[in-house]
Amino acid sequence: MEYRFLGRTGLKVSRLCFGVLTIGPLQANLPLTEGVAILKYAVTRGVNFFDTAEIYGTYPYLRLLFQEVKTPQLIVATKSYAFSAAGMKKSLEKARRELNRDFVDIFLLHEQESALTLRGHREALDFLVKAKERGLVKAVGISTHTVAGVRAALAVPEIEVIHPLLNIQGLGIRDGDRSQMLEAIEAAHALGRGIYLMKPLGGGNLLSEAESALKFAFSQPAAAAVAVGMKTREEVDFNAGVADNLPVPADLKAKISKEKRKLHIEDWCEGCGECASHCPQQALKSGPDGKMHVKEEDCLLCGYCARVCPLFCIKVY
Ligand code: SF4
Ligand code: SF4
């Protein structure tokens, strides 16, 4: 596995970053020991970088992983929607407590859309910068699905890490296309910001062309790492193989390309609309039956809808 410095943070990350959302309660909901076994397997393949978020509910898996794997020193990035200093303090304390770590390597403002959103989160950002001075965080940044989010971060020198959405088809970029996002990412890289990409497989929509989609992401010189959601050893083998530029066995390629993950809405949906109001892709629509339905072609399996459903109707499998 190749390792690269994440901008000027001093953190040297594996090119393949494990997107932990996939194993947690919003998606596969693997039993703790099963989830940790996959994470540990990824470590044996050279992965030292794990991406999560407060809302993913995956801190227990990572806590156990960190308890069981002392070397190499594993790197974690997490995120919070907090916008105030008090809210971010709570998020950071929760992460440190639940991960059982004195510090968090990378703390991001979750889903920043524009300069306006960033201004609205200034207090939370300032809190993280102070936490970094106290050694509680090593690097501070944002995650974003928009070109405007990346561009806005360029004007804020405190943002050292950017976690933007990019894939071969530009799926899920909310305000532009692949080339506009690439241009913004390259500008950020030129300024020394650490970049690690998300959604290289478009939330599962690009699984039929997984190898070329991953190669596209790993070939971006501006990206130190690429976060990929995984839940099986086969997926780890496939993704690590592509990251390492190794030939992928035909049977593994066939298996991965046939995989399909989908959002399922259970029959007991009451059509309240709460999920649709939290979908960044406008992928949820009410049907004539009074229940919510998903437009699969627009869904990125981000899981944001699942966490707000009061009736626990939404699953990915
Ligand atoms: S939040 Fe749950 S109950 Fe409400 S519309 Fe969505 S799936 Fe149905
Ligand atoms: S439908 Fe749900 S999982 Fe799909 S993009 Fe919208 S919020 Fe994300």
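A crossing of two helices is called left-handed if the near helix is turned anticlockwise from the far one by less than a right angle, and right-handed if the turn is clockwise. All views below show a predicted model.

**Helices H9 and H10 meet in a left-handed crossing.** Helix H9 spans residues 233-243 and helix H10 spans residues 250-258. Their axes come within 10 Å and cross at roughly 115°. H9 is therefore roughly perpendicular to H10, since angles of 65 to 115 degrees are placed in that class. On the H9 side, the contact is formed by Glu234, Glu235, Asp237 and Phe238, and on the H10 side by Leu252, Lys255 and Ile256. Four of these residues are charged, three are nonpolar and none is polar. The charged residues are Glu234, Glu235 and Asp237 of H9 and Lys255 of H10.

**Helices H8 and H9 pack in a right-handed crossing.** Helix H8 covers residues 210-218. The axes of H8 and H9 lie 9 Å apart, at an angle of about 45°. The two helices are therefore oblique to each other. H8 contributes Glu211, Leu214, Lys215 and Phe218 to the contact, while H9 contributes Asn239, Val242 and Ala243. By class, the contact of H8 with H9 has four nonpolar, one polar and two charged residues. The polar residue is Asn239 of H9, and the charged residues are Glu211 and Lys215 of H8.

**The protein chain is assigned two domains, which touch each other.** The domain assignment places residues 3-258 in domain 1 and residues 263-316 in domain 2. Taken over C-alpha atoms, the centres of domain 1 and domain 2 are separated by 24 Å. In the contact, twelve residues of domain 1 meet ten residues of domain 2. The side of domain 1 that touches domain 2 comprises six polar, four nonpolar and two charged residues.

**Ligand 1 is surrounded by 13 residues.** The closest residues to ligand 1 are Cys269, Cys272, Cys275, Cys309 and Cys313. Nine residues of the shell around ligand 1 are nonpolar, two are polar and two are charged.

**Ligand 2 is surrounded by 13 residues.** The closest residues to ligand 2 are Cys279, Gln281, Cys299, Cys302 and Cys305. The shell around ligand 2 consists of eleven nonpolar and two polar residues, with no charged residue.

**A cis peptide bond joins Thr71 and Pro72.** The omega angle of this bond is about 0°. Pro72 is located in the loop between helix H2, residues 59-68, and strand S5, residues 75-80.

**Lys199 adopts a positive phi angle.** Phi of Lys199 is near 55°, and the residue is not a glycine. Lys199 belongs to the loop that runs between strand S9, residues 194-197, and helix H8.

Technical notes: Residues are numbered from 1 along each chain as its sequence is written. Chains are lettered from A and ligands numbered from 1 in the order in which they are written. This is a predicted model: local features need pLDDT of at least 70, side-chain atom pairs count only at pLDDT 80 or more; totals for chains, interfaces and linings use all residues. A residue is near a molecule or strand if its C-beta atom, placed from the backbone, lies within 6 Å of it. Axes are lines fitted to C-alpha atoms, for helices over the stretch in contact, and angles run from 0 to 180 degrees between N-to-C directions. Helices (H or I, at least four residues) and strands (E, at least two) are DSSP runs, numbered from the N terminus. Angles under 35 degrees count as roughly parallel, over 145 as roughly antiparallel, 65 to 115 as roughly perpendicular and the rest as oblique. Two residues are in contact if their C-beta atoms, placed from the backbone, lie within 7 Å. Domain bounds come from an automatic or database domain assignment.
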